[in-house]
Amino acid sequence: MMPINKEILFQYQAAVKHGALIDRSQRGKVEVSEKDRTAFLHRMLTNDVQNLSGGNGCYACLLTAQAKIISDMNVFVFNDFLLLDVEENFESKLIRALEKFIITDDVK
């Protein structure tokens with residue numbers, strides 16, 4: 001057994017009692033825009049993106065045809081775009097995977 005670090009225990013108890021902020025700014029961000037953005041992502045992701053209103057969001061995954069996860073993400077809805085919050089350095093992989101399915105959709 002490892003000894004308890006009293007400082008970490010104090011910080012944990014303070015976070016549980018009063019709340020805490022975690023800096024997640026290093027995560028990757030992908031902006032999806034244009035008029036078909038919501039319908040396109042609704043077809044591509046595992047969660048109901050189409051019924052989200054502005055200021056809301058959800059957790060979702062992009063899967064392969066064999067149901068293997070390409071990327072998981074948080075989807076946030078803004079007035080003119082959707083923001084996909086992904087693991088650090090996954091932006092390019094996610095963009096390449098999504099671009100394969102843009103045929104006639106107006107999505108950027």
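Here are three short exercises with worked solutions on the structure above.

The model is predicted, so to speak of a local feature takes pLDDT of at least 70 and a side-chain atom pair counts only at pLDDT 80 or more, while totals for chains, interfaces and linings use all residues. Residues are numbered from 1 along each chain as its sequence is written, and side-chain values use heavy atoms, leaving out hydrogens and water.

**Exercise 1. Which residues touch the most other members of the largest nonpolar core, and which elements supply at least two residues each?**

Step 1. Get the term straight: a nonpolar core is a set of buried Ala, Val, Leu, Ile, Met, Phe, Trp, Tyr and Cys residues joined through side-chain atoms within 4.5 Å. Buried means under 20% relative accessible area, exposed over 50%, and partly exposed in between (1.4 Å probe, protein chains only).

Step 2. The largest core has 20 residues, and Leu41, Leu45, Leu62, Met73, Val75, Leu84 and Leu94 touch the most other members.

Step 3. At least two residues each come from β1 (28–33), α2 (37–44), β2 (57–63), β3 (69–77), β4 (81–86) and α3 (91–99). These are DSSP runs numbered from the N terminus: helices are H or I with at least four residues, strands E with at least two. The largest share, four residues, is from β3.

**Exercise 2. Which residues of α2 are buried, and what covers them?**

Step 1. Pick out Arg37, Phe40 and Leu41 as the buried ones.

Step 2. Look down the axis of α2: these residues fall within an arc of 90°, so they line one face of the helix. The arc is taken over directions from the helix axis to the C-beta atoms.

Step 3. The cover includes β1, β4 and α3, where contact means heavy atoms within 4.5 Å.

**Exercise 3. How many bridges join β3 to β2 and to β4, and where do positive phi values turn up in residues other than glycine?**

Step 1. Strands pair if DSSP finds at least two bridges between them. Seven bridges join β2 to β3, running antiparallel, with Leu63 opposite Ile69.

Step 2. Five bridges join β3 to β4, also antiparallel, and Val77 has Leu82 as its bridge partner. Three residues make up the hairpin connection there.

Step 3. Now phi. Most residues other than glycine have a negative phi. Glu34 has a positive phi of about 85°; it sits in the loop between β1 and α2 and is partly exposed at 35% relative accessible area. Asn89 has phi near 70°, lies in the loop between β4 and α3 and is exposed at 65%.
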